[in-house]
Amino acid sequence: MAIFRNALSRSLPELDTGPQGQPILVQSKESPEGWAPKLTESSPTTKVYKRRWIIVTLFCLYSMSNAYQWIHLNIIANIITKYYNASLPEDRFQRETTVDWLSMIYMLAYIPLIFPSTFLLNKKGLRVCAIAGAFLNVLGAWLKVACISPDRFAVLMFAQTVCAIAQIFILGLPAKIAAVWFGPNEVSTATSLGVFGNQVGVAIGFLVPPILVPNSDSLEQIGDDLSIMFYAGAGYMTLLFILVIIIFKERPPHPPSKAQMLALQNVHEEHYGRSLLNLFKNVGFDILTITYGVNTGCYYAISTLLNPIILDYFPGHEESAGQIGLTIVIAGVGGSIAAGIWLDRTRTYKGTTLGIYFLSMAGMVAFTFTLDLGLLWVVFLCAGALGFFMTGYLPVGFEFAAEITYPESEGTSSGLLNASAQFFGIILTIGCRAMINKVGTLGSNILISGTLLLGTICTGFIAADYRRQEAGKEILDQMDNVMQIEISEKESEKSRIAEPRSRDNQI
C-alpha cells in the first residue's frame, strides 16, 4: 500500500477539475501509458470504449490458435508415434516421453522466458507483445507444413518450440488487457473472456485432430491427413496475424478507472526488479503461486496424457478421447465465465478460490474411480464436472493474485503464476507417464488427486488481503476530500464577499 500511496500523492496534486468539479485525465505523450493528469474542460475523467470488445475478441481468437497448437498433436499421440516412429527412440518409455515433449515444450519454454517477456510487456506494452506472439504463432504453423515425413520429427519439435515461445506473449495478457481497457466492474469478467479463447483453442485441439487424422495402417494416408490439418491451421493463423497488425491497439484514449490508471502509471515508475522482489516478499502470493501451479499443472498433465488414459480403458476410442477432452474444456469455459461474474458481484476471492480448488479435487477423484466402470457416458459426466472447476480456476487465480499484489503489474503476477504452472506441469506429466508405464493408469490418476488435495490445504493458508479493493476505496476518499476542500474554500470566499455587502446594507 505504501507504493500506492506514493503514486497517489504524486498524482492527486496535479489533478484538475472540470465543470462538475471532477478531476480530469487526458492523453499525453509524456506518460508511458499515454495517460497523464492535465487541465481540460471537455475530457471525461475515465471512460470505457466499445472497441474494448473488439480487442478482447481478437485476442481470444489468436490465443485460441496458439492453445490449439499446444494439444492438437498429443491428443493423437498414438498416431504421431506410429507415423514418426523411424525418427523416435527405440525404447518404449523414451519414445512415448519424446512425443509427450510436444506438449511439455510449451511448459519448458515458458519458464526461462517469462521474465524477459513480462519486462517487455511492462515496458513496450500490449501491442508489441500481441504482434510478436501472433508472428511466432504463424511461423510455427508454417514450419509444421514442412514436417510431413516420418523422418522429420526433429523438425516438428522445432516448429512446436516456436509455437511454445509465442505463448509467452499470450498467457500473461488477459489481466493486462482487462486492466487497460475495461471498467472496474468488468475486470474479472474481461479476464475470464481473455482466458476463454485459450480454453476454446484447447477444446478445438481435442476435437478436430482425431477427426482429421484418424488411425490408419497406411503411413502415406496419415501423412496426407496431417498435411491437410497443418495447411488449414497455417492459413487461419496467417489471417489472424494480419488482423492483429491492423486492429489491435495499445490502449484507449482515456483510462477505464482511476485505480488502474494509477497502477499502470506506477508500473513504469517502479523498477522491474523491485517489482519482482515485492511479489516474492508477499507470502500470500508465494503460496498462491505454488497452489496455482499445482492445480494448473494437474490440468496440463491430464490434457497431455488423456489419449493413453482413455485408450487404456477404451481401446480404439481415439475420437472419444478427443471428445472427453472437449467436454473438459467446454465445461471449463462455463466455469470460467461463471467464476468471473461471481467475483465481479461478490469480490470473495479467497472463498471462491478455495471452494473451486476443493471441487476440482473432488472431480478428479470421481473421474479416477469411474473409468473402470466401462460406461463412457459416466466418464463424460465426471470429465465435465472436473473441467468445470479445474479449468474454471484459471481466471480466479489470476484475479486473486491481482487483488493481493496491487499495485504491482497484473502482467508480472500472472506471468509468475503461469511459470509455476509450467514447472509443475512438466513434473506431473513426467511423473504420471512413469506411473502409467510402471504401475498403471489408476496410479497416475491417484497421484493427481493427492496432489490436488495438498493444493487445497495450502490454499486455506492464503490471507484475504484485498489490496486492489482497498485502493479503490482510498482513491474515492481522497477525491472526496479534495472536493470537500474546494467546496469549503468556495464557501469561505463567498462569505468574505458577502460580509462587506451586508455591512453596507446595514449602513
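# Reasoning about a buried arginine and its surroundings

Q: Why is R433 called buried in this predicted model?
A: R433 has a relative accessible area of 6%, and the term buried applies under 20%, so R433 meets the criterion and is classed as buried.

Q: What makes the contact between R433 and D100 a salt bridge?
A: The closest N and O atoms of R433 and D100 are 2.7 Å apart, and the rule asks for a side-chain nitrogen of Lys or Arg within 4 Å of a carboxyl oxygen of Asp or Glu; the pair therefore qualifies. The two partners come from distant parts of the chain, with R433 in helix 18 and D100 in helix 4, 333 residues apart.

Q: How do you know whether D100 is buried or exposed?
A: The relative accessible area of D100 is 2%, and since buried means under 20%, D100 is to be counted as buried.

Q: What joins R92, E96, D100 and R433 into one network?
A: These residues are connected through salt bridges that share partners.

Q: Why does the pair of R433 and E96 count as a salt bridge?
A: Their side chains meet at 3.2 Å, N to O, and the cut-off is 4 Å, so this contact also satisfies the rule. Here again distant parts of the chain are linked, since R433 belongs to helix 18 (residues 410-438) and E96 to helix 4, 337 residues apart.

Q: What makes R92 and E96 a salt bridge, and where do the two residues lie?
A: The N to O distance between their side chains is 3.2 Å, which falls within the 4 Å that the rule allows, and the pair is therefore accepted. Both residues lie in helix 4 (residues 92-124), where they are four residues apart, about one turn of the helix. By this rule, the count of salt bridges comes to three.

Q: Are R92 and E96 buried or exposed, and how do you know?
A: R92 has a relative accessibility of 52%, and exposed means over 50%, so R92 counts as exposed. E96 has a relative accessible area of 18%, which is under the 20% limit, and E96 is therefore buried.

Q: Why is T81 counted as buried, and which residues does it touch?
A: T81, whose place is in helix 3 (residues 77-83), has a relative accessibility of 14%; this is under 20%, so T81 counts as buried. Not counting residues up to four places away in sequence, T81 touches L88, R95 and V99.

Q: How many aromatic pairs does a search of the whole structure find?
A: The search finds twelve aromatic pairs.

Q: What makes the pair of Y84 and F153 edge-to-face?
A: The two ring centres are 5.8 Å apart, with 65° between the planes; the centres must lie within 6.5 Å and the planes over 60 degrees apart for this label, so the pair is edge-to-face. Y84 sits in the loop between helix 3 and helix 4, whereas F153 is in helix 6 (residues 153-166), 69 residues apart, and the pair thus links distant parts of the chain.

Q: Why is the pair of Y299 and Y300 called tilted?
A: The ring centres of Y299 and Y300 are 6.0 Å apart and their planes stand at 45°; an angle that is neither under 30 nor over 60 degrees leaves the tilted class, so the pair is called tilted. Both Y299 and Y300 are buried.

Q: How do you know whether helix 12 is enclosed by the rest of the structure?
A: Of the 22 residues of helix 12, 18 are buried, so the helix is largely enclosed by the rest of the structure.

Q: What span is expected for helix 12, and how far does the helix reach?
A: Helix 12 (residues 283-304) reaches 31 Å from its first C-alpha to its last, close to the 32 Å expected at 1.5 Å a residue.

Q: What makes the approach of N282 to G284 a polar contact?
A: At the start of helix 12, a side-chain oxygen of N282 reaches to within 3.2 Å of the backbone nitrogen of G284, and the distance limit is 3.5 Å, so the distance condition is met.

How values were computed:
Residues are numbered from 1 along each chain as its sequence is written. This is a predicted model: local features need pLDDT of at least 70, side-chain atom pairs count only at pLDDT 80 or more; totals for chains, interfaces and linings use all residues. Side-chain values use heavy atoms; hydrogens and water are left out. Buried means under 20% relative accessible area, exposed over 50%, partly exposed in between (1.4 Å probe, protein chains only). The expected span of a helix is 1.5 Å times one less than its number of residues. A polar contact is a pair of N or O atoms within 3.5 Å; within protein, one must be able to donate a hydrogen and the other to accept it, and residues adjacent in sequence count only if both atoms are side-chain atoms. Contact means heavy atoms within 4.5 Å.
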